[in-house]
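I am opening a notebook page on this structure. My entries follow in the order in which I looked things up.

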Number of protein chains: 2
Amino acid sequence: MKTEINLGQDAQQIQIFKALADPIRLQILQYIKQTDHPVACGEVGRAVNISKTSGSYHFKLLEAAGLITAEKIAREKYVTINWSTFETYVTNFTQRL
Amino acid sequence: MKTEINLGQDAQQIQIFKALADPIRLQILQYIKQTDHPVACGEVGRAVNISKTSGSYHFKLLEAAGLITAEKIAREKYVTINWSTFETYVTNFTQRL
DNA sequence: TAAATAGTTCAAAAGGTTTTGAACTATCTT
DNA sequence: AAGATAGTTCAAAACCTTTTGAACTATTTA
């Protein structure tokens, strides 16, 4: 009996690595991390110098991967890093492999 | 003094996540890991059911990312997982971010 | 209420990755 | 030496991701 990752877990793992495999998304995560409190998408987008359309696309991917969590307050959308996803899928990746 | 990723390190980080963001390459790594000794590319390729051209492409990417190490012995190329790259860029990613 | 701000959606264009088959080099077997 | 096996390279095709601008919704400010 071979220990193997099932299809569902593997798909999520790939979605996470894809989300992380992009310079803009890494900058976004770096920015959110260093502010260390929920921050509006617009502020992050301005900090990393991207259009709001492009920002919307990147935030959607990060959220879909479970790497960030978003809360909409009135006009703005505040994002936070989801450390537990990082723990499970990134930090503990080699054990899961 | 803030610990930040410089451009060169960031590029390597992205190359690593790109290499990991693919189901075939994850299967390749899983196979190499579970044999737990250097294994020929042909054997891995057969195990994960890909053409030799496609295998050659994927092994090249994994090696370029530093995730595997290859040694050519006569006709065959034997691959091994480079655990130190995983440690630095995957396991310790959140600290580096 | 009009204008400004925050963000989303859509489709097209631009750009990047992966697969394919054919042709190739090198080594091994008969 | 001829044929089989291991792997590489190349260019084209197929496929996938990202950026762009315009049009949109919802909230806030004047």
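**Entry 1: a tryptophan in chain B**

I started with B:Trp83, which sits in helix H5 (residues 83–91) of chain B. The model is predicted, so I read every value here as computed from it. Is B:Trp83 buried or exposed? Neither label fits: B:Trp83 counts as partly exposed because its relative accessibility is 38%, and buried would need a value under 20%.

Next I listed its contacts. I left aside neighbours within four places in sequence, and found B:Trp83 in contact with A:Thr94, A:Leu97 and B:Lys33. I also checked a distance to B:Asn49. B:Trp83 and B:Asn49 are 34 residues apart in sequence, and their C-alpha atoms are 25 Å apart in space.

**Entry 2: the rest of that helix, and its counterpart in chain A**

Which residues of H5(B) are buried? I noted B:Thr85, B:Phe86, B:Tyr89, B:Val90 and B:Thr91. They lie on the same side of H5(B), because they cover an arc of only 160° around the axis.

I then looked at helix H5 (residues 83–91) of chain A, where A:Thr85, A:Phe86, A:Tyr89, A:Val90 and A:Thr91 are buried. These cover an arc of only 160° around the axis, so they too are on the same side of H5(A). I added a reminder on geometry. An α-helix has 3.6 residues a turn, so residues three or four places apart point the same way.

**Entry 3: the core**

I asked which members of the largest nonpolar core touch the most other members. They are A:Leu20 and B:Leu20, in a core of 56 residues.

I followed B:Leu20 further. Beyond its neighbours within four places in sequence, B:Leu20 is in contact with A:Phe17 and A:Phe93 of chain A. Within chain B, B:Leu20 is in contact with B:Leu26, B:Leu29, B:Leu67, B:Phe86 and B:Val90. Two of these, B:Phe86 and B:Val90, were already on my list of buried residues in H5(B).

**Entry 4: chain A as a whole**

I counted elements next. Chain A has 6 helices and 3 strands. Their order from the N terminus is α-α-β-α-α-β-β-α-α. The C-alpha atoms of chain A fill a box of roughly 55 × 20 × 20 Å along the principal axes.

Of the 97 residues in chain A, 43% are buried. I also looked at contact range in chain A. Among contacts between residues at least 6 apart in sequence, 56% join residues at least 24 apart.

**Entry 5: DNA strand D**

What surrounds DNA strand D? I found 20 residues, the closest being A:Tyr57, A:His58, B:Gly42, B:Lys52 and B:Ser56. Of the atoms of DNA strand D that come within 4 Å of the protein, 59% are sugar and phosphate.

I pulled out three contacts to phosphate oxygens of this strand. An N or O atom in the side chain of A:His58 is 2.5 Å from one. A polar side-chain atom of B:Lys77 lies 2.7 Å from a phosphate oxygen. For A:Lys18, a polar side-chain atom lies 3.1 Å from a phosphate oxygen.

I then mapped the elements that give two or more residues to the surface near DNA strand D. Chain A supplies helix H2 (23–35) and helix H4 (52–64). Chain B supplies helix H3 (41–48), helix H4 (52–64) and strand S3 (76–81). The largest share, 5 residues, comes from H4(A). By class, this surface divides into 6 nonpolar, 6 polar and 8 charged residues.

**Entry 6: DNA strand C**

I repeated the search for DNA strand C. It is surrounded by 20 residues, and the closest are A:Gly42, A:Lys52, A:Ser56, B:Tyr57 and B:His58. Of its atoms within 4 Å of the protein, 60% belong to sugar or phosphate and the rest to bases.

The contacts I noted vary in kind. A backbone N or O atom of A:Gly42 lies 2.6 Å from a phosphate oxygen of DNA strand C. A polar side-chain atom of A:Lys77 also lies 2.6 Å from a phosphate oxygen of this strand. For A:Arg75, a side-chain N or O atom is 2.9 Å from a base oxygen.

Which element gives the most to this surface? H4(B) does, with 5 residues. The classes here are 6 nonpolar, 6 polar and 8 charged residues.

**Entry 7: a serine in H4(B)**

I closed with B:Ser54, in helix H4 of chain B. B:Ser54 is partly exposed, with a relative accessible area of 22%. Its C-alpha atom is 9.7 Å from that of B:Ile24, 30 residues apart along the chain.

Key. Residues numbered from 1 in each chain as written. Chains lettered and ligands numbered in written order. Predicted model: local features only at pLDDT ≥ 70, side-chain atom pairs only at ≥ 80, totals over all residues. Heavy atoms only, no water. Near = heavy atom within 4 Å. Polar contact = N/O pair within 3.5 Å; in protein donor to acceptor, adjacent residues only side chain to side chain. Helix = DSSP H or I, 4+ residues; strand = E, 2+ residues; numbered from the N terminus. Nonpolar A, V, L, I, M, F, W, Y, C, P; charged D, E, K, R; others polar. Buried < 20%, exposed > 50% of the residue type's maximum accessible area, 1.4 Å probe, protein only. Contact = heavy atoms within 4.5 Å. Core = buried A, V, L, I, M, F, W, Y, C linked by side-chain atoms within 4.5 Å. Arc of directions from axis to C-beta.
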